[in-house]
Amino acid sequence: MNHLPEPAPVVRLPDGTYTYADHLPIPVQPVAPQVVHQHIHQAPPDRTVQRIALGSGIGAGTVAAGVYFGPLLVGALTAIAANLALLAFLATVLAWGVVSVVKSIGGPEGKAAAKSIGKARRGRKAR
C-alpha cells in the first residue's frame, strides 16, 4: 500500500537537458475574444477636469486640491453674493424710507427736493 502519487515521466528536451513532464509549459491555444454585455443604468460622474489636469502633467495632489477646494470656493462666493444682495436690499429699503420721511415731514420744500432728485436721476439714465 503506497499512498504516494505516481511519479511523472522524465522527458529529454531538444537542448539535451532532462525535466519532468509535469513541468513542461502548456501549449498556448487560441482563445476567441469574450464578448461582454454591459448594461449602464446611470452615467458615470464627469471627471473631465481631472483627466485634463492629469494629462497635462500636473500632479495628483493638485487635482485633489482642486476637487477639495473647488466646492469650498463656490460656497464662499455664494455666501459673499448672498451678503451683497442683502446689503443692496437694505440700502434700497433705507433710501425709500428716507425719501418717504422727507416727503411727509418736509412739506412743500421736501416734495420739491424729492422731485428734483427724481429729475436728476431720470436725467442720468437718459444720458
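**Figure 1. The lining of the largest pocket in this predicted model.** Twelve residues, written as 12 in the count, line the largest pocket, and those that lie nearest its centre are Val99, Lys103, Ala113, Ala114 and Ile117. Two elements, α2 (60-105) and α3 (107-126), each give two or more residues to this lining. Of the elements, α3 gives the most to the lining of the largest pocket, with eight residues. The volume of the largest pocket is about 180 Å³.

**Figure 2. The lining of the largest pocket by residue class.** Sorted by class, the residues that line the largest pocket comprise six that are nonpolar, two that are polar and four that are charged. Lys103 is among the residues nearest the pocket centre, together with Val99, Ala113, Ala114 and Ile117, and Lys counts as charged, whereas Val, Ala and Ile count as nonpolar.

**Figure 3. Val102 in helix α2 and its distance to Ala114.** Val102 has its place in helix α2, and its C-alpha lies 7.7 Å from the C-alpha of Ala114, although the two residues are 12 apart in sequence. Ala114 is itself one of the residues nearest the centre of the largest pocket. Val102 has a relative accessible area of 37%, and it is therefore classed as partly exposed, since that class lies between the cut-offs of 20% for buried and 50% for exposed.

**Figure 4. A nonpolar patch on the surface.** Leu73, Leu77, Ile80, Leu84, Leu86, Leu87, Phe89, Leu90 and Val93 together form a nonpolar patch on the surface, and their combined accessible area is about 890 Å². One of these patch residues, Leu77, has its place in helix α2, the element that also gives two or more residues to the lining of the largest pocket.

**Figure 5. The chain that surrounds these views.** The chain has three helices and two strands, and when it is read along the sequence these elements follow the pattern β-β-α-α-α. Of the 127 residues in the chain, 6% are buried. The accessible surface of the chain comes to about 11900 Å², and carbon and sulfur atoms account for 67% of that area.

Notes:
Residues are numbered from 1 along each chain as its sequence is written. This is a predicted model: local features need pLDDT of at least 70, side-chain atom pairs count only at pLDDT 80 or more; totals for chains, interfaces and linings use all residues. Side-chain values use heavy atoms; hydrogens and water are left out. On a 1 Å grid over the protein atoms alone, a cavity is a set of points where a 1.4 Å probe fits but cannot get out, and a pocket is an open set with protein on both sides within 12 Å along at least five of seven lines; lining residues have an atom within 4 Å of a point. Grid points are joined across faces, edges and corners, and a volume is the space filled by probe spheres set on the points. Helices (H or I, at least four residues) and strands (E, at least two) are DSSP runs, numbered from the N terminus. Patches are made of residues with over 30% relative accessible area and no salt bridge: like charges are joined within 9 Å, nonpolar side chains (Val, Leu, Ile, Met, Phe, Trp, Tyr) within 5 Å. Accessible areas come from the Shrake-Rupley method with a 1.4 Å probe; for residues, only the protein chains shown count as cover. A salt bridge is a side-chain nitrogen of Lys or Arg within 4 Å of a carboxyl oxygen of Asp or Glu. Buried means under 20% relative accessible area, exposed over 50%, partly exposed in between (1.4 Å probe, protein chains only).
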